[in-house]
Amino acid sequence: MSETGNNKSRRSSKYSNLDQVENKSCFDRIALRNSLARETLSEFFGTCLLITLGCGCVASSVLSNGSAGGHLTSNLGFAMAVTMAVYATGGVSGGHINPAVSFAMCLTGKLAWVKFPFYVAAQFLGAITGSAAVFGVYYDALMKHTDGVFTVNGPNATAHIFATYPSPYLSTLNGLADQILSTAVLLIIIFALFDKKNLAVPKGLEPIAIGLLILLLGLSLGLNCGGAMNPARDLGPRIFTALAGWGFEVFTAGNNFWWIPVVGPMAGAAVGAFIYILCIEAHHNKDPTPNPDNDHFEKHELASMA
């Protein structure tokens, strides 16, 4: 081929590439290529949704002095918030929205440990962002309810809109046991819901089942300290309130209660995961001809239980 022909070919290739770039859709241009980046963004977004919707329900109850809801409303709200957050993000990252869940997935080999710090960082940042959203939406109501003085205790206390605080009678040991037990039960049932060798939940209905589980746990084991069962859900908003005007008392209140909804759920997640494995998963009948439909899954997905 002549040099002139080569030049024409190069020009043609150049313009063809330009046409391909111009023909890319907006989705193609903004789509993240790295799978870990996609999963991290998904966890951030899902946890932000959880806190915005869940704490928003608590804010409605507290700031209306109970006329717009109460204990049941808050529990229903958080259960539905979890359901919507998992529906929004489950297909990308598994919709963990909880460091304790991610921790249990790593311990049992269903999530790579290298992803764990990214998931947890995204969950905490999402929780802080969701808290800021609730604060912004209800800023005027907060100012009216508190006369501009944000407190942790007292008749006009509002810190519990965002984070959990213990009942006056609760001891440190009892609070820790509460969080370990409730989170262990949470993980036991989550593992059961996604175990395809157990009854399992029909595909697409898993978030609803998880929401019902959150509602049940809130109603049955939420009296002592609000039933956090999620370090990001509790510590993220607590950090936000410390910076937004409630002060360092959010960490010292309840005999320095803040660490219990962080350490307790992580320990409970490990306990719950291994209880399910020891009591149920390890005893499934071994099928010599495994179902290929159950063998293809992403390690980060909750549906990888089988």
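**Figure 1. The whole fold is helices: 12 of them, with zero strands.** This is a predicted model, and from the N terminus on its elements simply read α-α-α-α-α-α-α-α-α-α-α-α. The protein has 306 residues, and 46% of them count as buried. If you look at contacts between residues at least 6 apart in sequence, 78% turn out to join residues at least 24 apart.

**Figure 2. Helix α3, from one end to the other.** Helix α3 covers residues 35-63. With 29 residues at 1.5 Å each, α3 should span 42 Å, and its end C-alpha atoms sit 41 Å apart, so the two values agree. At the start of the helix, a side-chain oxygen of N34 comes to within 2.9 Å of the backbone nitrogen of L36. Just after α3 you run into N65, whose phi is positive, at about 55 degrees.

**Figure 3. A salt bridge between E39 and K115.** Searching the whole structure turns up two salt bridges, and one of them is shown here: E39 and K115, with 3.0 Å between the closest N and O atoms. E39 belongs to helix α3, while K115 is in the loop between α5 (99-107) and α6 (116-137), so this pair ties together parts that are 76 residues apart in sequence. Are the two partners buried or exposed? E39 has a relative accessibility of 3%, so it counts as buried. K115 comes in at 16%, and because the cut-off for buried is under 20%, K115 counts as buried too. The pair also shows up as a polar contact between the two side chains, again at 3.0 Å. As a general reminder, side chains of opposite charge can pair when their charged atoms come close.

**Figure 4. D234 and R238 pair up within helix α10.** Here is a salt bridge that joins D234 to R238, with the closest N and O atoms 2.6 Å apart. Both residues sit in α10 (residues 231-246), four residues apart, or about one turn of the helix. An α-helix has 3.6 residues a turn, so residues three or four places apart point the same way. D234 and R238 are both buried. R238 has another partner to look for: its charged end sits over the ring of Y165, 4.7 Å from the ring centre.

**Figure 5. Aromatic rings, in pairs and in a cluster.** The structure holds 13 aromatic pairs. One of them is W113 with F116, an edge-to-face pair with 5.7 Å from centre to centre and 70 degrees between the planes. W113 is partly exposed at 45% relative accessible area, whereas F116 counts as buried at 16%. Now turn to F248 and F251: their ring centres are 5.4 Å apart and their planes meet at 40 degrees, so this pair is tilted. Which of these two rings belongs to a buried residue, and which to an exposed one? F248 counts as exposed, with 61% relative accessibility, and F251 counts as buried, with 14%. There is also an aromatic cluster to pick out, made up of F135, Y139, F150, F162, F240 and W246.

**Figure 6. H284 and the residues around it.** Where does H284 sit? You'll find H284 in the segment after α12 (260-279). H284 counts as buried, with a relative accessibility of 15%. Its side chain makes a polar contact of 2.7 Å with the side chain of D195. Once you set aside neighbours within four places in sequence, the contacts of H284 are D195, K197, N198 and Y276.

**Figure 7. Positive phi at N255 and N256 in helix α11.** Helix α11 runs over residues 249-256 and includes N255; N256 lies in α11 as well. What is phi at N255? N255 has a phi near 60 degrees, a positive value in a residue other than glycine. N256 also has a positive phi, near 55 degrees, and it too is a residue other than glycine. As for accessibility, N255 is exposed, with a relative accessible area of 58%, while N256 counts as partly exposed at 37%.

Key: Residues numbered from 1 in each chain as written. Predicted model: local features only at pLDDT ≥ 70, side-chain atom pairs only at ≥ 80, totals over all residues. Heavy atoms only, no water. Salt bridge = Lys/Arg side-chain N within 4 Å of Asp/Glu carboxyl O. Helix = DSSP H or I, 4+ residues; strand = E, 2+ residues; numbered from the N terminus. Buried < 20%, exposed > 50% of the residue type's maximum accessible area, 1.4 Å probe, protein only. Phe/Tyr/Trp six-rings, centres within 6.5 Å; stacked < 30°, edge-to-face > 60°. Lys NZ or Arg CZ within 6 Å of the ring centre and 35° of its normal. Polar contact = N/O pair within 3.5 Å; in protein donor to acceptor, adjacent residues only side chain to side chain. Contact = heavy atoms within 4.5 Å. Expected span 1.5 Å × (residues − 1).
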